[in-house]
Amino acid sequence: MHILLFGGSGQLGTEIRRRWVKHDISAPSSSEVDVENEEALIAALNSAHFDAVINCTAFHHVDNCESAPERAFAINALAVDRLARLCRKRDYTFVTISTDYVFDGKDRTENGQHRKPYIEEDIPHPISTYGISKFAGELLVDRLQMKSFVVRTCGLYGTTISSSKGYTFIDRIISQARAEEPLRVVNDIVSSPTFAGHLADALNALLATTAYGLYHAVDEGMVSWHAFALETLRQAGFNYEVEAIDSAARNMHARRPAFSALSSEKLNALGIAMPSWKDGIRDYLAQRHLQEAE
Ligand SMILES: NC(=O)c1ccc[n+]([C@@H]2O[C@H](COP(=O)([O-])OP(=O)(O)OC[C@H]3O[C@@H](n4cnc5c(N)ncnc54)[C@H](OP(=O)(O)O)[C@@H]3O)[C@@H](O)[C@H]2O)c1
């Protein structure tokens, strides 16, 4: 397939470029094509015939989105709409990525235990500007009833550092343990952290189908960030203490769902399996190791 990829320098975009070796990928940088600029988008889409357009761009610094809602909507909703309409006109398949933050995480606790990861039929109720802007992007694509895949993922991390966040959780945990700095990690937020390499593989498999629609694609299982940090340290060979804290202690600007694990069952029904969140840490560390050795 001839693919046009936006956001190719990001965590997910880099994994797509690394792993989709059978495809011919054009990936203009953000300085070459700003997705907010319609003329630049039209020129990019007209530069060749493409089979599919993949949108991995986002403004996803969740706290900064609260103070810059115009920018959040410009990139996470209006640019997605623009891209989708341009693809529909050309009958290109369109793939765009959304988020677990379309959910509020309420009423997901039974007997003190988090249960029931969200499925595609669950009704979103975003509680942050970021989540609202991403949900708007989903709805704008859905209304076009086109050849599209809208894929929600969760706690995405890759070995390329996100320009919007500037660090990965795993690297931060390991470097603080190595420096013997105190580690404090929230214990009351549970989700399905997903290695970008696994998501890139799943998207490649999904693109080989015509089962268009909305999907959840996350590493299997659910875990708190505290338990995720402990498993990271175990796999990286550290025996180091991590203090469990409440998210309220972090004084974050945006509200976040306390529970936002997703179920990939619909994806699994197409024969596309997702590895577990523990495999995600393993594969991330292996890839990081290879990069450091290069
Ligand atoms: N990271 C998470 O925890 C998470 C969780 C759930 C869902 N998601 C979703 O997953 C997708 C991929 O996220 P990611 O973590 O791979 O993102 P990322 O690493 O921050 O990469 C974002 C990409 O978007 C590009 N970009 C931003 N604004 C642009 C613009 N105006 N024009 C053109 N390109 C622009 C960036 O280019 P520059 O680097 O040149 O600025 C970068 O290539 C996003 O849709 C995100 O909402 C992420």
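# Contacts in a predicted model

Q: Is Trp225 buried or exposed?
A: In this predicted model, Trp225 has a relative accessible area of 18%. A residue counts as buried under 20%. Trp225 is therefore buried.

Q: How many salt bridges does the structure hold, counting every pair?
A: One of them joins the side chains of Arg18 and Glu15. The total for the structure is 14.

Q: In the salt bridge of Arg18 and Glu15, what is the distance from N to O?
A: Both residues belong to helix H1, which covers residues 11-19. They are 3 residues apart, so about one helical turn separates them. Their side chains meet with an N to O distance of 2.6 Å.

Q: Which of Arg18 and Glu15 is buried?
A: Arg18 has a relative accessibility of 35%, so Arg18 counts as partly exposed. The other partner has a relative accessible area of 0% and is buried: this is Glu15.

Q: Which residues are linked with Arg18 in a network of salt bridges?
A: The bridge between Arg18 and Glu15 belongs to a network of salt bridges. Besides Arg18, the residues linked in this network are Glu15, Arg19 and Asp201.

Q: How many residues apart are Asp63 and Arg256?
A: The side chains of Asp63 and Arg256 meet in a salt bridge of 3.0 Å, N to O. This pair links distant parts of the chain, with Asp63 in helix H3 (residues 62-67) and Arg256 in the loop between strand E14 (243-245) and helix H9 (265-268). Asp63 and Arg256 are 193 residues apart.

Q: Which of Asp63 and Arg256 is partly exposed?
A: Asp63 has a relative accessibility of 16%, so Asp63 counts as buried. The partner with a relative accessible area of 22% is partly exposed, and that is Arg256.

Q: Where does Asp81 lie?
A: A salt bridge of 2.9 Å, N to O, is formed by the side chains of Arg143 and Asp81. Arg143 is in the loop between helix H5 (129-142) and strand E7 (148-153), 62 residues from Asp81. Asp81 itself lies in helix H4.

Q: What is the relative accessibility of Asp81?
A: Its partner Arg143 is partly exposed, with a relative accessible area of 45%. Asp81 counts as buried, because its relative accessibility is 9%.

Q: How many degrees lie between the planes of Tyr101 and Tyr130?
A: The structure holds 14 aromatic pairs. Tyr101 and Tyr130 form one that is edge-to-face, at 6.1 Å centre to centre. Tyr101 lies in the loop between strand E4 (93-99) and strand E5 (109-110) and Tyr130 in helix H5, so the pair ties together parts 29 residues apart in sequence. The angle between their planes is 75 degrees.

Q: Are Tyr101 and Tyr130 buried or exposed?
A: Tyr101 and Tyr130 form an aromatic pair. For both Tyr101 and Tyr130, the state is buried.

Q: What is the distance, centre to centre, of Trp225 and Phe228?
A: Trp225 and Phe228 both lie in helix H8 (residues 225-235), 3 residues apart, about one turn of the helix. Phe228 is buried, with a relative accessible area of 0%. The two rings form an edge-to-face pair, and their distance from centre to centre is 5.5 Å.

Q: Which residues form a cluster with Trp225 and Phe228?
A: Trp225 and Phe228 are an aromatic pair, and ring pairs link them into a cluster. The other residues in this cluster are Tyr157, Phe169, Phe195, Trp277 and Tyr284.

Q: How are H8 and H10 oriented to each other?
A: H8 and helix H10 (residues 277-293) pack with their axes 10 Å apart. H8 passes H10 in a right-handed crossing. The angle is about 45 degrees, so H8 and H10 are oblique to each other.

Q: Which residue lies over the face of Tyr215?
A: Two such contacts can be described here. Arg71 lies over the face of Phe59, at 4.3 Å from the ring centre. Over the face of Tyr215, at 4.4 Å from the ring centre, lies Lys266.

Q: What is the phi of Gln145?
A: Gln145 lies in the loop between H5 and E7. Gln145 is exposed, with a relative accessible area of 63%. Although Gln145 is not a glycine, its phi is positive, at about 45 degrees.

How values were computed:
Residues are numbered from 1 along each chain as its sequence is written. This is a predicted model: local features need pLDDT of at least 70, side-chain atom pairs count only at pLDDT 80 or more; totals for chains, interfaces and linings use all residues. Side-chain values use heavy atoms; hydrogens and water are left out. A salt bridge is a side-chain nitrogen of Lys or Arg within 4 Å of a carboxyl oxygen of Asp or Glu. Helices (H or I, at least four residues) and strands (E, at least two) are DSSP runs, numbered from the N terminus. Buried means under 20% relative accessible area, exposed over 50%, partly exposed in between (1.4 Å probe, protein chains only). Rings of Phe, Tyr and Trp (its six-membered ring) pair if their centres lie within 6.5 Å; planes under 30 degrees apart count as stacked, over 60 as edge-to-face and the rest as tilted. A charge sits over a ring if NZ of Lys or CZ of Arg is within 6 Å of the ring centre and within 35 degrees of the ring normal. Axes are lines fitted to C-alpha atoms, for helices over the stretch in contact, and angles run from 0 to 180 degrees between N-to-C directions. Angles under 35 degrees count as roughly parallel, over 145 as roughly antiparallel, 65 to 115 as roughly perpendicular and the rest as oblique. A crossing is left-handed if the near helix is turned anticlockwise from the far one by less than a right angle, and right-handed if clockwise.
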